[in-house]
Amino acid sequence: MTTSFVQASESFIPATQDTHALRRVFASVSAISCPRQYNFHMHTTCSDGRLNPEQLMEQAVDIGLRGLAITDHHSTKGFHRAQRWLETHGEAYAQERRPSEDRSLPHLWTGVEISAGLMDDEVHILCYGFNPHAIELKPYLQSTTPTGQYYSAASVIEAAHAAGAVTVLAHPARYRRSPDELIARAVELGIDGVETYYAYNNPDPWTPSPKQTVDVKNLSDRYGLLNTCGTDTHGLSLLKRV
């Protein structure tokens with residue numbers, strides 16, 4: 001990437017950890033932002049996806065994504081490979097594939113999806129913009145669901161915040177308990193946002209589920225949360241889930 005650091009406050013931080021820019025994006029996303037402008041929920045072969053990180057980044061450039069995060073389960077290996085691809089091959093690839101178009105590269109943020117216990121249910125918490133080397137996140141980056149004291153949503157959110165992350169409750173209408181219950185409790189624990197724009201029935205083409213979107217957006221507005229969007233891609237196309 002041409003610029004790998006940005007100025008924040010009085011120090012420099014990696015662009016992959018620029019949560020100020022990330023929050024501005026989350027404040028602007030809508031039902032049409034995903035999958036061709038932003039995508040903040042994708043998996044690679046480093047967890048349970050079918051695309052390797054390099055293939056994912058090639059698709060991101062081909063689509064013209066402005067920003068994204070790879071959210072492999074309990075791993076940042078895919079993020080690191082994607083970052084290396086951007087730095088070493090991104091500009092050349094964009095020039096080759098889109099010689100007469102805008103060749104700006106997408107902004108890649110750190111990301112991970114962590115399983116956690118919340119109200120006797122297992123939920124997924126998406127974390128963005130964190131320091132991937134932070135000691136607080138080490139128990140959660142072992143490629144497996146955390147156990148014991150680390151499994152609670154309270155512990156996940158606390159550790160993620162200590163590492164500088166923005167925390168988001170993934171697909172809140174997909175669990176046994178209602179979004180009303182789960183989001184209210186997650187707010188008490190300090191969650192920053194919800195995955196408002198999500199396709200629950202895997203439609204083709206991908207589009208956020210209308211009823212769930214309205215319900216979750218109303219809850220997000222009630223609690224003053226950030227809104228995110230993502231395809232939750234596990235297959236071979238970033239334009240759908242599987």
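**Unusual backbone geometry in a predicted model**

Good morning. I begin with a residue in a loop: S143 sits between β7 (121–128) and α4 (153–162). The structure before you is a predicted model, and my subject is its backbone.

S143 is not a glycine, yet its phi is positive, near 65°. To see why this deserves a remark, recall that most residues other than glycine have a negative phi. As for its surroundings, S143 has a relative accessible area of 45% and is therefore classed as partly exposed, since that class lies between the buried limit of 20% and the exposed limit of 50%.

Let us turn to H74. Here too phi is positive, at about 55°, in a residue that is not a glycine. H74 belongs to the loop that runs between β4 (67–69) and α3 (77–97). Is H74 buried or exposed? Its relative accessibility is 4%, so H74 counts as buried, the cut-off being under 20%.

I now move from phi to the peptide bond itself. Most peptide bonds are trans. Which residues, then, does a cis peptide bond join? One such bond links C34 to P35, with omega at about 15°. P35 is placed in the loop between α1 (19–28) and β3 (38–39).

Another cis bond leads from D204 to P205, and there omega is near 5°. The loop that holds P205 lies between β9 (193–197) and α6 (210–223).

To close, please locate these positions in the structure: S143 and H74 for the positive phi values, then P35 and P205 for the cis bonds. Thank you for your attention.

Notes: Residues are numbered from 1 along each chain as its sequence is written. This is a predicted model: local features need pLDDT of at least 70, side-chain atom pairs count only at pLDDT 80 or more; totals for chains, interfaces and linings use all residues. Side-chain values use heavy atoms; hydrogens and water are left out. Helices (H or I, at least four residues) and strands (E, at least two) are DSSP runs, numbered from the N terminus. Buried means under 20% relative accessible area, exposed over 50%, partly exposed in between (1.4 Å probe, protein chains only).
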